[in-house]
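User: Could you take me through one part of this protein in detail, the packed interior and the strands around it? I work at the bench, so plain language is welcome.

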Amino acid sequence: MRSSRSFRRPLVAVLVLVTMLVQGTWALAGVTGNMSGTVRDNTGAPVAGAKVQAVSPSQSATTTTDTTGHFIMLSLAPDTYAVSVSKDGYQQTSFPGEVVFADQTQQATYTIGKALKTIAHVTSASAG
């Protein structure tokens, strides 16, 4: 009987140690951030289906806006990003200097202008 009691304390200590080592959630905090926002045109209307790309020295990510012009990028490395927004019929626009911090969501609203349309080509020739 005495030998079974002598193994109980070391066994409990080993189980507590293994539980602490296996639990990895403490290492996940503070590693990545998010970027969220809306893309609008010059009139303030949301732009659906716009491509939003964030590029930094450490990472790049791309997403597309939903029907309300909203987008979100998850798990971005903390860094300074240049954000580019593009869509057919609109001018591609870049927004440098967007900073993402760990455990935070960077909120932004981007405005893009409509692109000029070519409606005709005119050629002329001179008599000379």
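Analyst: Happy to help; what follows goes from confidence to the core, then to its rings and strands, and ends with a few individual residues.

A word on confidence comes first. This is a predicted model, and its average pLDDT is 86, with 85% of the residues scoring at least 70. Among the elements, strand 2 has the highest mean pLDDT, 97, while helix 1 (residues 2-22) has the lowest, 69.

Now to the interior. The largest nonpolar core has 18 residues, and the members that touch the most others are Met35, Val39, Met73 and Val85. Five elements each give two or more residues to this core: strand 1 (33-41), strand 2 (51-55), strand 4 (70-76), strand 5 (79-86) and strand 7 (105-112). As general background, nonpolar side chains tend to be buried together in soluble globular proteins.

Val85 is a good place to pause. Which residues is Val85 in contact with, leaving aside its neighbours within four places in sequence? The list is Val39, Ala50, Lys51, Val52, Gln91, Gln92, Thr93, Phe95, Tyr110 and Ile112. Val39 on that list is another of the core residues that touch the most other members. Tyr110 and Phe95 are also contacts of Val85, and both come back when we turn to the rings.

The whole structure holds two aromatic pairs. One of them joins Phe71 and Tyr110 in a stacked arrangement, with 6.1 Å from centre to centre and 25 degrees between the planes. Because Phe71 belongs to strand 4 and Tyr110 to strand 7, this pair ties together parts that lie 39 residues apart in sequence. Phe71 and Tyr110 are both buried. In the pair of Phe95 and Tyr110, the ring centres are 4.6 Å apart and the planes stand at 40 degrees, so this pair is tilted. It links distant parts of the chain too, with Phe95 in strand 6 and Tyr110 in strand 7, 15 residues apart. Taken together, the ring pairs make a cluster of Phe71, Phe95 and Tyr110. Why does Tyr110 count as buried? Its relative accessibility is 2%, and the cut-off for buried is under 20%.

Next, the strands. Strand 1 is largely enclosed by the rest of the structure, because seven of its nine residues are buried. Strand 1 pairs with strand 7 in the parallel sense over eight bridges; Arg40, for instance, has Thr111 in strand 7 as its bridge partner. Strand 1 is also joined to strand 4, this time antiparallel and through five bridges, with Thr38 partnered by His70 of strand 4. In general, strands of a sheet pair through backbone hydrogen bonds, either parallel or antiparallel.

There is also an open sheet of four strands, in the order 3-2-5-6 and with antiparallel pairing. Its edge strands are strand 3 (60-64) and strand 6 (93-100), each of which pairs on one side only. From one strand to the next, the twist averages 20 degrees. Within this sheet, five bridges join strand 2 to strand 3, antiparallel, and the bridge partner of Lys51 in strand 3 is Thr64. Lys51 is also one of the contacts of Val85.

The loop between strand 2 and strand 3 contains Ser56. With a relative accessibility of 10%, Ser56 counts as buried. Beyond residues up to four places away in sequence, Ser56 touches Asp79, Thr80 and Tyr81.

Finally, two residues deserve a look at their backbone angles. Most residues other than glycine have a negative phi. Ser75, in strand 4, has instead a positive phi, near 60 degrees. Ser75 counts as partly exposed, because its relative accessibility is 45%. Asp103 also has a positive phi, about 65 degrees, although it is not a glycine. Asp103 sits in the loop between strand 6 and strand 7 and is exposed, with a relative accessible area of 56%.

Definitions and conventions
Residues are numbered from 1 along each chain as its sequence is written. This is a predicted model: local features need pLDDT of at least 70, side-chain atom pairs count only at pLDDT 80 or more; totals for chains, interfaces and linings use all residues. Side-chain values use heavy atoms; hydrogens and water are left out. A nonpolar core is a set of buried Ala, Val, Leu, Ile, Met, Phe, Trp, Tyr and Cys residues joined through side-chain atoms within 4.5 Å. Buried means under 20% relative accessible area, exposed over 50%, partly exposed in between (1.4 Å probe, protein chains only). Contact means heavy atoms within 4.5 Å. Two strands pair if DSSP finds at least two bridges between them. pLDDT is the predictor's confidence in each residue, from 0 to 100. Axes are lines fitted to C-alpha atoms, for helices over the stretch in contact, and angles run from 0 to 180 degrees between N-to-C directions. Rings of Phe, Tyr and Trp (its six-membered ring) pair if their centres lie within 6.5 Å; planes under 30 degrees apart count as stacked, over 60 as edge-to-face and the rest as tilted.
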